[in-house]
Amino acid sequence: MPLEVFTGDDWNISITLKKDGAAYNVSTASEILASVVSDDQNAPSTIVGAVACSSGTTGADWTNGLVVIEVPNATTSPLTAREAWVEIQITLGGKKTTWPRQKILIKKGTIT
């Protein structure tokens, strides 16, 4: 079941990066970027532009492939309810790699 997030909230989306079925150590990555896109096909549009992820973010464990994407409420407030996908790209050893997109459900928040 996809993660549900609400507009108007600060999002902390946790995703474990895996390779060959096992958590992938990204602790030596020089950069990890994440964005939220409209679909999982070949021509998605950007819903939330790329944000830099940090190994120091609460809950992150890059040694065990766990990346936490933080999106502030100022960015989520104007969004509309829809299905979306999180796209993560890491730079490791000078090489950029994009992971398969993870589905999320954006729901309209009603508490302001």
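Start with the whole chain on screen: of its 112 residues, 35% count as buried. Keep in mind as you go that this is a predicted model.

**The whole chain**

Switch to cartoon view. You should find 1 helix and 10 strands. Trace the chain from the N terminus and the elements come in the order β-β-β-β-β-β-β-α-β-β-β. Now zoom out: the C-alpha atoms fill a box of roughly 40 × 30 × 25 Å along the principal axes. How does the radius of gyration of the chain fit a compact globule? A compact globule of 112 residues would come out near 13 Å, and the chain has 14 Å, which agrees.

Next, think about which parts of the chain touch. Among contacts between residues at least 6 apart in sequence, 64% join residues at least 24 apart. Turn on the surface, too: the accessible area comes to about 6500 Å², and 48% of that belongs to carbon and sulfur atoms.

**Stop one: T7**

Select T7, in the loop between β1 (3-6) and β2 (11-16). Is T7 buried or exposed? T7 counts as buried because its relative accessibility is 4%, and the cut-off for buried is under 20%. Show its neighbours as sticks: leaving aside residues up to four places away in sequence, T7 touches T76, S77, L79, I106, K107, K108 and G109.

**Stop two: the charges**

Colour the charged side chains. The chain has 9 positive and 11 negative ones, and the centres of the two sets lie 5 Å apart. Some of these charges pair up, as the structure holds 5 salt bridges.

Pick R101 and D40, whose side chains meet in one of them at 4.0 Å, N to O. R101 is in the loop between β9 (95-98) and β10 (102-107), and D40 is in the loop between β5 (31-37) and β6 (46-52), so this pair ties together parts 61 residues apart in sequence. D40 is partly exposed, with a relative accessible area of 37%.

Stay on R101 and add E87: these two side chains also meet in a salt bridge, at 2.7 Å, N to O. Since E87 sits in strand β8, this pair ties together parts 14 residues apart in sequence. Which residues do the shared salt bridges join into one network? They are D40, E87 and R101. R101 itself is partly exposed, at 22% relative accessible area, and E87 is partly exposed at 21%.

**Last stop: K103 and E83**

Finally, select K103 and E83, whose side chains meet in a salt bridge at 3.0 Å, N to O. K103 is in strand β10 and E83 in strand β8 (residues 82-92), so to speak distant parts of the chain, 20 residues apart. K103 counts as partly exposed at 33% relative accessibility, and E83 is partly exposed with a relative accessible area of 40%.

How values were computed. Residues numbered from 1 in each chain as written. Predicted model: local features only at pLDDT ≥ 70, side-chain atom pairs only at ≥ 80, totals over all residues. Heavy atoms only, no water. Helix = DSSP H or I, 4+ residues; strand = E, 2+ residues; numbered from the N terminus. Rg over C-alpha atoms; globule rule 2.2 N^0.38 Å. Buried < 20%, exposed > 50% of the residue type's maximum accessible area, 1.4 Å probe, protein only. Contact = heavy atoms within 4.5 Å. Areas by Shrake-Rupley, 256 points an atom, 1.4 Å probe, with all protein chains shown as cover. Lys, Arg positive; Asp, Glu negative; His and termini not counted. Charge placed at Lys NZ, Arg CZ, Asp CG, Glu CD.
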